[in-house]
Amino acid sequence: IEMIEGEPPYLTESPLRALWLIATNGTPAIKDEGALTNVFKDFLYFALKVDPEKRASAHDLLKHEFMRCCADLGQLSPLVRSARLARAEERSKKGN
């Protein structure tokens, strides 16, 4: 949800309270769900189950139709590295 909306659910709450709210209220609603494809919404439905017993495993999610629509997972590596570098630079600037 954070990647879709640019911020985590319950951003203004403490992390512990945010977890409690999710456990109590269920998966937070996505603000503009209509902008998502049906395949992606189906993927999120299985990935975002609050109850771990009902949540799809990583193995099952990797087999989901949505993952076949995605770019090769190897292409994510440079993006993750870039994001980590940007985050480290941001933290170092805050420390100065």
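In this predicted model, the structure contains zero disulfides. Cys69 takes part in no disulfide, and the cysteine sulfur nearest to that of Cys69 belongs to Cys70, 6.6 Å away. The same holds in reverse for Cys70, which is likewise in no disulfide and has the sulfur of Cys69 as its nearest cysteine sulfur, at 6.6 Å. Because a disulfide requires a pair of cysteine sulfur atoms within 2.5 Å, the 6.6 Å separation of Cys69 from Cys70 does not qualify. The two residues can also be described by their accessibility: Cys69 counts as exposed because its relative accessibility is 55%, whereas Cys70, at 29%, counts as partly exposed.

Turning to the interior, the largest nonpolar core is made up of 10 residues, namely Ile1, Ile30, Leu36, Phe40, Phe43, Leu44, Ala47, Ala56, Leu61 and Phe66. Helix α3, spanning residues 38–47, is the greatest contributor to this core and supplies four residues. Leu44, one of the core residues, is in contact with Ile4, Ile30 and Leu36 once its neighbours within four places in sequence are set aside.

The surface offers a nonpolar feature as well. Leu62, Leu73, Leu76, Leu79 and Val80 form a nonpolar patch there, and together they present about 470 Å² of accessible area. Helix α6 (residues 76–95) gives the most to the patch, with three residues. Another patch member, Leu62, lies in helix α4, which covers residues 58–62. Leu62 has a relative accessibility of 52% and therefore counts as exposed, the cut-off for that class being over 50%.

Methods:
Residues numbered from 1 in each chain as written. Predicted model: local features only at pLDDT ≥ 70, side-chain atom pairs only at ≥ 80, totals over all residues. Heavy atoms only, no water. Patch = residues over 30% accessible without salt bridge, like charges linked within 9 Å, V, L, I, M, F, W, Y side chains within 5 Å. Areas by Shrake-Rupley, 256 points an atom, 1.4 Å probe, with all protein chains shown as cover. Salt bridge = Lys/Arg side-chain N within 4 Å of Asp/Glu carboxyl O. Helix = DSSP H or I, 4+ residues; strand = E, 2+ residues; numbered from the N terminus. Buried < 20%, exposed > 50% of the residue type's maximum accessible area, 1.4 Å probe, protein only. Core = buried A, V, L, I, M, F, W, Y, C linked by side-chain atoms within 4.5 Å. Contact = heavy atoms within 4.5 Å.
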